[in-house]
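Subject: Structure handover

Hello,

Here is the structure I promised to pass on. Please open it alongside this note. My findings follow below.

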Amino acid sequence: MTATTSSGPTGAPYDPDAQVHLGVFYTGVGPQLIWTGPSAAPHVAIETFVGLAQLLERGLFDAFFLGEGLRLRENRGRVYDLDIAGRPDAITQLSALAAVTERIGLVATQNTTYNFPADLARRLAGLDLLSGGRAGWNIVTTDNAWTGANFRHGGWLAHERRYERATQFVEAAKALWASWEPDAVAESAEAKSWARPGAIHDVEWDTDLVRLRARATVPASGQGRPVLFQAGDSDGGRELAARHADVVFSANTEYDKAVAYAADLRARLARHGRSPDSLRILPGASVILGDTPEEARERAEWVRDEQISPPRAIAFLEQYWGTDLSAYDPHGPLPDIEPSEAELDPSRGTIPIERRTGKLALIAQWREQAAAENLSILQLVRRVTPEHRSFVGTPSQVADEWVHYVRTRAVDGFNITPHLVPSSLEDIVDKLVPELQERGAYRTAYEGTTLREHLALPAPAS
């Protein structure tokens, strides 16, 4: 990319030729993905995943991301069945998609808290090699004992140490991926041995949270190693990204927050001796399009109503009250009973740590808000549930907004969370992508074969 003016508030130059990079984050669980209605595809069928990957490849997307869940979410000890409950293992699923696609990147979300570095590095390297250099790893952590119970490990890692393990884990994985020399494999059938003696090195790692002695089982792919994505926004997460990530899956989608986040991250990059273009910033976002602004707004209201339905509102409060609230009317006032004093149950997934022990004060605050604004249960839950940033408008409006974000270097693109599969993604491919192409802000063909090439990232350091 060629910049023409001095650096701005994001720490990178304005770029009139910057291209929008796009991925899709298929969560598989959670209220964002609407499974109800006749137009929703079956969400755990291989036909759905194949169709989506091929649709996105037709739309020239950089990557298809899969979320990962190490345990089914629950509500009061039962499977939480208001959202989609299950999803296949991400690396297994992406291996199947590698066989029916040619260019699109394949990114697996994998946890550093409850995996082993040598094993996970091997499986990711296998996906990378067999896909021709299209694999990526979305690095995540967890600290809750509820997930750890699946591994007979409980909450073995303190919350504040999860990124310390992640850093040590990633460093060990990178060492394994670099342990085959570039010319390790013989290029001629006349060679005396398939692998040049001494070209494959053992890796020994001995830190307080990661210990191993291993040898990588496959050579590097055409892109060198899997592309590393990082999804945390805490100080520890930002430091991990600045040290090791190739792409950040950020939560900062509002423009001013995106500018501040980019400036902070690029300052951290500089402290680690990395250039601004060594890392791509792709915040998560949803896109709701309409032929007119009014149609787009109406569709956005419908999406919000479906994502937080009356039964989901009751289940949300049950999580905080710690008791059965099914007798309460979601269109009526908040429960008049006192909540349990027990710590907040984490079994519905990721819960901010400050809410786990501070729920009584939070519920008191909600009661004050509901009384002051005369809110029903449903209305309150829709108010207090964080709303992910949606780009709502016509394809032309959204394209103009995205070009502004990218060319001022607030972001490098977006990782889209679809709300309705496949129709919401079909709208983006068929209506929004052509608008971006008309503005010269989106590729008209893939120029490379690897995920690293799609993202215009430098080769990994040896």
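Helix α1 (residues 46-58) and helix α14 (residues 423-438) are a good place to start. Their axes come within 9 Å and cross at roughly 20°. Angles under 35 degrees count as roughly parallel, and α1 and α14 are therefore roughly parallel to each other. The crossing of α1 past α14 is left-handed. On the α1 side, the contact uses Leu52, Leu55, Leu56 and Arg58. On the α14 side, Leu425, Glu426, Val429 and Asp430 meet them. Sorted by class, this contact has 5 nonpolar and 3 charged residues, and no polar ones.

Bear in mind that this is a predicted model.

Next, the second helix pair. Helix α11 (residues 359-373) and helix α12 (residues 377-384) have axes that come within 11 Å and cross at roughly 120°. That angle makes α11 oblique to α12. Here the crossing is right-handed. From α11, the contact draws on Trp366, Gln369, Ala370 and Glu373. From α12, it draws on Leu380, Arg383 and Val384. The class split for α11 with α12 is 4 nonpolar, 1 polar and 2 charged.

Now the sheet. It is open and has 10 strands, and the pairing is parallel. Reading across, the order is β11-β10-β9-β6-β5-β2-β1-β14-β12-β13. Which strands stand at the edges? They are β11 (280-281) and β13 (390-393). Each has a single partner strand, so one side of each is left without a neighbour in the sheet.

At the β11 edge, the partner is β10 (residues 247-248), and the two pair in the parallel sense over 2 bridges. Within this pairing, Val247 stands opposite Arg280 in β11. As background, strands of a sheet pair through backbone hydrogen bonds, either parallel or antiparallel.

Two helices on the sheet are worth a look. Helix α5 (residues 162-177) lies across β6 (135-140) and β9 (227-230). The direction of α5 runs at about 160° to β6. Helix α14 also packs on the sheet, where it touches β1 (21-26), β12 (284-289) and β14 (413-416). The direction of α14 makes about 75° with that of β12.

So which elements does α14 meet? It meets α1 through residues including Leu425 and Val429, and it touches β1, β12 and β14 in the sheet.

Best wishes

Technical notes:
Residues numbered from 1 in each chain as written. Predicted model: local features only at pLDDT ≥ 70, side-chain atom pairs only at ≥ 80, totals over all residues. Heavy atoms only, no water. Axes fitted to C-alpha atoms, helices over the stretch in contact; angles between N-to-C directions. Helix = DSSP H or I, 4+ residues; strand = E, 2+ residues; numbered from the N terminus. Parallel < 35°, antiparallel > 145°, perpendicular 65-115°, else oblique. Left-handed = near helix turned anticlockwise from the far one by under 90°. Contact = heavy atoms within 4.5 Å. Nonpolar A, V, L, I, M, F, W, Y, C, P; charged D, E, K, R; others polar. Pairing = 2+ DSSP bridges.
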